[in-house]
Amino acid sequence: MQVDKNTEMPQNAQQVREVLASRLHMQSEKQLRRTLTAQTSVQDRNYNFSSNDYLGLSQHPEVIAAFQKGISDWGTGAGASPLVTGYTTAHQTLAEELAEWFGVERVLLFNSGFSANQGVLQVLCKLGLTPIIDKLCHASIYDGVNYPSSQRLARFQHNNYADLAAKQSKLPANTCPLIVSEGVFSMDGDSADVSALVAAKNTGMLMLDDAHGIGVTGARGRGVFDHPQAPEIDIVTGTFGKAFGVAGAFVATDHQIADSLVQSARHLIYSTAFAPAQADAIRAALNTIKRDQSLQSALTERIQLFKRNAAALKLRLGASDTAIQPLLVGSNTLALRLSQALADSGFQCIAIRPPTVPKGTARIRFTLSLNQSLSAINQLFATIADILDNDQELTDACRIR
Ligand SMILES: Cc1ncc(COP(=O)(O)O)c(C=O)c1O
């Protein structure tokens, strides 16, 4: 039976199978098929240039010990959602310590950055705010604002505040705008201009996702909270799965918004809380970040070494000063070829392709981490130089002419 190609609405199981098969085929043809690859516990983190464990805290003895002790104290699971009996003093202490460190009234804990963004945005959109999001915002923000189905939604060009103003001016007069952007953008590694966003919010509201900034950027490693205008940001979300080396997420805001989220954020209300032992591990990571500012300087040293090496090879990097360093290749096939050639030499450098990034901008998204030695970074570039020397097509794609 023929499936309607325009709507692709299968009407029985056989048609569902046909649609799935044709989509998978198309994804393979276009070099866009995604695969799950399992890591082994002995895989060498020194050569992993695709992990977001920026400070190496997933391997930190104090974080590991806190997790282990937490399991002895609490067991392995929270056993219920936060509003039932899943919220423990381990969670509460973590939330209070974070609120104090960030300088905000309240912190709520979520199971992931994805659910935090989705949960918060669903509540605010239901309230009638009109989101205006940076086009390069994360998938969880897109899902939270119900893109593309939402009637009330605007998108502005990435980090382009003139375009933001233009989009704002076209909103109906009777609507409260909610500007949404990111502290550090996940696929480009560049940062939003917090002052420009605060100025733009005017009588509206501002939400920033700082998944990739918390713990690593800013004078004290507090990401956007180290910005002097941080108190004017209404809501900040972030994850513990990256610089903190664990998993889980937070929403930092004021009492009124936090209390409202406790009433209505479905991802908070209807989902088992993360394990109390996990909260203890996150606290240990937090204390390490607060205490040891040398973590950030060691990461900066790696970022600078990476950028010097890339400049020497005239590689086309994105405009990033953070631990996320994209090498813009362009074609999916070539990005995969470079990733595979690096893998053959023992380096994990994953190719990122559309729809995660815009069409024609496939890239290797390198990430720097304290799990890597300085010498591993130099070895990476010696390998890249070798690969390019033997592949003119890749050289043309990766080098600035
Ligand atoms: C900008 C951004 N926000 C949110 C998330 C989701 O965070 P989590 O991994 O905790 O779900 C990610 C993760 O990739 C991210 O890059």
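Me: Which word fits Asp391, buried or exposed?
Reply: A quick note first: this is a predicted model, where local features need pLDDT of at least 70 and side-chain atom pairs count only at pLDDT 80 or more, while totals for chains, interfaces and linings use all residues. Residues are numbered from 1 along each chain as its sequence is written, and side-chain values use heavy atoms, leaving out hydrogens and water. Buried means under 20% relative accessible area, exposed over 50%, and partly exposed in between (1.4 Å probe, protein chains only). With a relative accessible area of 15%, Asp391 is buried.

Me: Which residue's backbone nitrogen lies 3.2 Å from a polar side-chain atom of Asp391?
Reply: Asp391 sits in the loop between α14 (374-389) and α15 (392-398); helices here are DSSP runs of H or I with at least four residues, numbered from the N terminus. A polar atom of the Asp391 side chain lies 3.2 Å from the backbone nitrogen of Glu393.

Me: Where does the largest nonpolar core lie relative to domain 1 and domain 2?
Reply: A nonpolar core is a set of buried Ala, Val, Leu, Ile, Met, Phe, Trp, Tyr and Cys residues joined through side-chain atoms within 4.5 Å. The largest one has 84 residues, and Phe250, Phe366 and Leu380 have the most contacts inside it. Domain 1 (60-291) and domain 2 (294-398) both give residues to this core, so it lies between them.

Me: How many residues of domain 2 are in contact with domain 1?
Reply: The bounds come from an automatic or database domain assignment, and the two centres, taken over C-alpha atoms, are 28 Å apart. Counting contact as heavy atoms within 4.5 Å, 16 residues of domain 1 meet domain 2 residues numbering 15.

Me: Which helix gives the most residues to the shell around the ligand?
Reply: There are 13 residues around the ligand, and Gly113, Asp209, His212, Thr239 and Lys242 come nearest; near means that a residue has a heavy atom within 4 Å. With 3 residues, the top contributor is helix α5 (residues 113-126).

Me: What share of the ligand's exposed area does the protein bury?
Reply: Polar contacts here are pairs of N or O atoms within 3.5 Å. A side-chain N or O atom of Asp209 is 2.5 Å from a ligand nitrogen, while a backbone N or O atom of Phe114 lies 3.0 Å from a ligand oxygen. Taken alone, the ligand exposes 390 Å², by the Shrake-Rupley method with a 1.4 Å probe. Of that area, the protein buries 80%.

Technical notes. A polar contact is a pair of N or O atoms within 3.5 Å; within protein, one must be able to donate a hydrogen and the other to accept it, and residues adjacent in sequence count only if both atoms are side-chain atoms. Helices (H or I, at least four residues) and strands (E, at least two) are DSSP runs, numbered from the N terminus.
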